[in-house]
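Biologist: I should like to learn how to read the features of a model in order, from the general idea to the particular case. May we begin with the terms and then turn to the residues?

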Amino acid sequence: MESKAVQSTSRFDTLKWLVVFVLIAIGVVGNQYFSAESLLYRVLALVALALVAAFVALQTDRGRRFATLLKEARVEIRKVVWPTRPELVQTTVIVVVFVLVVALLLWGMDSLISWLVAGFIG
């Protein structure tokens, strides 16, 4: 009994994804077809089509799971302890200095190897 309900849902989900695909295709083809029109109108039409396509996609099982994932990710981001400004500046300075030191070491080793090879080859 339950498998029939799942199969029915997936059949409608397939139809919904087909609608999403058609909406995106209409946006792409319409943007090309109306290329002579104002960019503002084309962007507004594309945004409207994208919103409708997103709404239809969110009605599917996968779309609902994606929306749940976004909500949970937002909750988790609120739990993150972000660095203070001084910590951020200190870490950035450390990274920049380290990169410069490694760059100088690589330049030195490259120059040394080039000098040795040039001396060996003649």
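Modeller: Helices (H or I, at least four residues) and strands (E, at least two) are DSSP runs, numbered from the N terminus. In this chain, Asp13 is found in helix α1, residues 2–33. This is a predicted model, in which local features need pLDDT of at least 70 and side-chain atom pairs count only at pLDDT 80 or more, while totals for chains, interfaces and linings use all residues. Residues are numbered from 1 along each chain as its sequence is written, and side-chain values use heavy atoms, with hydrogens and water left out.

Biologist: How many helices and strands are there in the chain?

Modeller: There are 4 helices and 0 strands. Read along the sequence, the pattern is α-α-α-α.

Biologist: What radius of gyration does the chain have?

Modeller: The radius of gyration is taken over C-alpha atoms, and the globule rule is 2.2 Å times the number of residues to the power 0.38. For a compact globule of 122 residues a value near 14 Å would be expected, but the chain has 28 Å. Along the principal axes, its C-alpha atoms fill a box of roughly 75 × 45 × 35 Å.

Biologist: How should burial be read, and is Asp13 buried or exposed?

Modeller: Buried means under 20% relative accessible area, exposed over 50%, and partly exposed in between (1.4 Å probe, protein chains only). Asp13 counts as buried because its relative accessibility is 10%. Its C-alpha atom is separated by 9.6 Å from that of Val56, 43 residues apart along the chain. Of the 122 residues of the chain, 8% count as buried.

Biologist: Which helix holds Arg42, and is this residue buried or exposed?

Modeller: Arg42 is found in helix α2. Its relative accessibility is 19%, so Arg42 counts as buried. Between Arg42 and Val93 there are 45 Å in space, C-alpha to C-alpha, and 51 residues in sequence. Tyr41 also has its place in helix α2, residues 39–58. Tyr41 is exposed because its relative accessible area is 54%. From Tyr41 to Trp17 the C-alpha distance is 26 Å, with their positions 24 residues apart in sequence.

Biologist: What does the chain expose as a whole?

Modeller: Accessible areas come from the Shrake-Rupley method with a 1.4 Å probe; for residues, only the protein chains shown count as cover. The chain exposes about 10800 Å², and carbon and sulfur atoms supply 74% of that area.

Biologist: Which residues form a nonpolar patch on the surface?

Modeller: Patches are made of residues with over 30% relative accessible area and no salt bridge: like charges are joined within 9 Å, and nonpolar side chains (Val, Leu, Ile, Met, Phe, Trp, Tyr) within 5 Å. Here the patch has about 1000 Å² of accessible area together, and its members include Val95, Phe98, Met109, Phe120 and Ile121. Ile121 lies in helix α4, residues 85–121. Its relative accessibility is 68%, so Ile121 counts as exposed. Helix α4 also holds Ser111. Ser111 is partly exposed because its relative accessible area is 33%.

Biologist: How many salt bridges does the count give?

Modeller: Side chains of opposite charge can pair when their charged atoms come close. A salt bridge is a side-chain nitrogen of Lys or Arg within 4 Å of a carboxyl oxygen of Asp or Glu. By this rule the count comes to 1 salt bridge. Glu76 forms a salt bridge with Lys79, their closest N and O atoms being 3.3 Å apart. Both residues lie in helix α3 (residues 61–79), 3 residues apart, about one turn of the helix. Glu76 is partly exposed because its relative accessible area is 45%, whereas Lys79 is exposed because its value is 57%.
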